[in-house]
Amino acid sequence: MKHTNCKVIGVTGGIATGKSTFTKQLKNMGYKVIDADLIARNLMKKDNISYKKVIEYFGEKILGDDGEVDRKALGSIVFSNPKLLKDLNSITHPFIFKEMKRQIEKNCDDIIFLDIPLLFEEYNEMLGYGIYFDEIWLVFVDRNTQIDRVMKRDSLTKEEAIKRVDSQMSIESKKKKASKVIYNLESIDKLKVKIELLLKDLS
């Protein structure tokens, strides 16, 4: 089943593969992008229902001085324990997917992009919420580049960065499932050219 009024393209990638840079270019070109991470952050703000459920499960040790969730503190807990990461996702994903579905229905009239880091990992669950894809585009770099970028971006040790990378499905596995694969280790200008060619194929 597909969304009737528009073409829905999923954009995904591993951690630190440059997916946000990719979707930023799409926005600059005038396309609508629904960002799952942004939805998740908004739903986790103080006193939202998902915020309350996460605090109930993990306790106030994950809160900062302002009472908001300290994402780094929460990350250090769940990325060191696969079960806790799964538990966190089971709490937050229903709220995220419902909001994504709402935004699709509100904005769907031509082409819409869904920026979803764990698209393949949660694919079947999203189908259950009525989220369908015409194509899935994967933004990727090699594993060593991922680890180096995570270390620099989040000020983590190599061991911590490896845990973050390994908490997701491998890039090689994702490549086999994607409709289109975009290697993202070149300049912004070259990335724009790749995007323009992909968009041309959609028309």
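How many of the 7 residues of strand β1 are buried? I began my notebook with that question. The model I am reading is predicted.

**Entry 1: strand β1**

I looked up strand β1, which covers residues 7-13, and found 6 of its 7 residues buried. The strand is mostly covered. I then looked for its partners. β1 pairs with β3 in the parallel sense, over 5 bridges. β1 is also joined to β4 by 5 bridges, and these two run parallel. I picked Val11 to see both pairings at one residue. The bridge partner of Val11 in β3 is Asp115, and in β4 Val11 stands opposite Trp137.

**Entry 2: Lys7**

Lys7 lies in strand β1. Is Lys7 buried, exposed or partly exposed? I noted that Lys7 has 30% relative accessibility, so it counts as partly exposed. The cut-offs that matter here are under 20% for buried and over 50% for exposed. Across from Lys7, in β3, stands Ile111. I listed the contacts of Lys7, leaving aside neighbours within four places in sequence: Asp110, Ile111, Ile112, Asp134 and Leu202. I also checked Lys7 against Asp109. They are 102 residues apart along the chain, and their C-alpha atoms are separated by 8.1 Å.

**Entry 3: strand β3**

I moved to β3, residues 111-115. Here 5 of 5 residues are buried, and the strand is mostly covered. Which residues of β3 point one way and which the other? Ile111, Phe113 and Asp115 point one way, Ile112 and Leu114 the other, and all are buried. I wrote down the general rule beside this: in a regular strand, side chains alternate between the two faces of the sheet. β3 also pairs with strand β2, residues 32-35, through 4 bridges, and the two run parallel. In that pairing Ile34 has Leu114 of β3 as its bridge partner.

**Entry 4: the nonpolar cores**

I looked up the largest nonpolar core and found 23 residues in it. The residues with the most contacts inside this core are Met100, Leu114, Ile116, Met126, Ile131 and Phe133. Two or more residues each come from α2 (36-43), α5 (82-107), β3 (111-115) and β4 (135-140). The largest share, 4 residues, comes from α5. I followed Met100 further. Not counting residues up to four places away in sequence, Met100 touches Ile34, Ala36, Ile39, Leu114, Ile116, Met126 and Ile131. There is a second, separate core of 15 residues, which includes Phe22, Trp137, Val139 and Leu199. I had already met Trp137 as the β4 residue opposite Val11.

**Entry 5: the largest pocket**

How much space lies in the largest pocket? I noted about 1300 Å³. Of the 43 residues that line this pocket, the closest to its centre are Asp37, Arg71, Phe79, Pro117 and Gln168. I sorted the lining by type: 17 residues are nonpolar, 12 are polar and 14 are charged. At least two lining residues are supplied by each of α1 (19-28), α2, α4 (71-78), α5 and α7 (143-154). Which helix gives the most to the lining? α5 does, with 7 residues.

**Entry 6: Gly75**

I turned to Gly75, which is placed in helix α4. Its relative accessible area is 6%, so Gly75 is buried. I compared its position with that of Ile195. Gly75 and Ile195 are 120 residues apart in sequence and 32 Å apart in space, C-alpha to C-alpha.

**Entry 7: two positive phi values**

I looked for backbone angles out of the usual pattern. Most residues other than glycine have a negative phi. Ala16 has a positive phi, near 65°. Ala16 is placed in the loop between β1 and α1. Is Ala16 buried or exposed? Ala16 is buried, because its relative accessible area is 14% and the cut-off for buried is under 20%.

I noted Ser155 as well, where phi is positive and near 55°. Ser155 is found in the loop between α7 and α8 (158-166). With a relative accessible area of 59%, Ser155 is exposed. I wrote the two side by side: Ala16 is buried, whereas Ser155 is exposed.

Notes: Residues are numbered from 1 along each chain as its sequence is written. This is a predicted model: local features need pLDDT of at least 70, side-chain atom pairs count only at pLDDT 80 or more; totals for chains, interfaces and linings use all residues. Side-chain values use heavy atoms; hydrogens and water are left out. A nonpolar core is a set of buried Ala, Val, Leu, Ile, Met, Phe, Trp, Tyr and Cys residues joined through side-chain atoms within 4.5 Å. Buried means under 20% relative accessible area, exposed over 50%, partly exposed in between (1.4 Å probe, protein chains only). Contact means heavy atoms within 4.5 Å. Two strands pair if DSSP finds at least two bridges between them. On a 1 Å grid over the protein atoms alone, a cavity is a set of points where a 1.4 Å probe fits but cannot get out, and a pocket is an open set with protein on both sides within 12 Å along at least five of seven lines; lining residues have an atom within 4 Å of a point. Grid points are joined across faces, edges and corners, and a volume is the space filled by probe spheres set on the points. Ala, Val, Leu, Ile, Met, Phe, Trp, Tyr, Cys and Pro count as nonpolar, Asp, Glu, Lys and Arg as charged, and the others, Gly among them, as polar.
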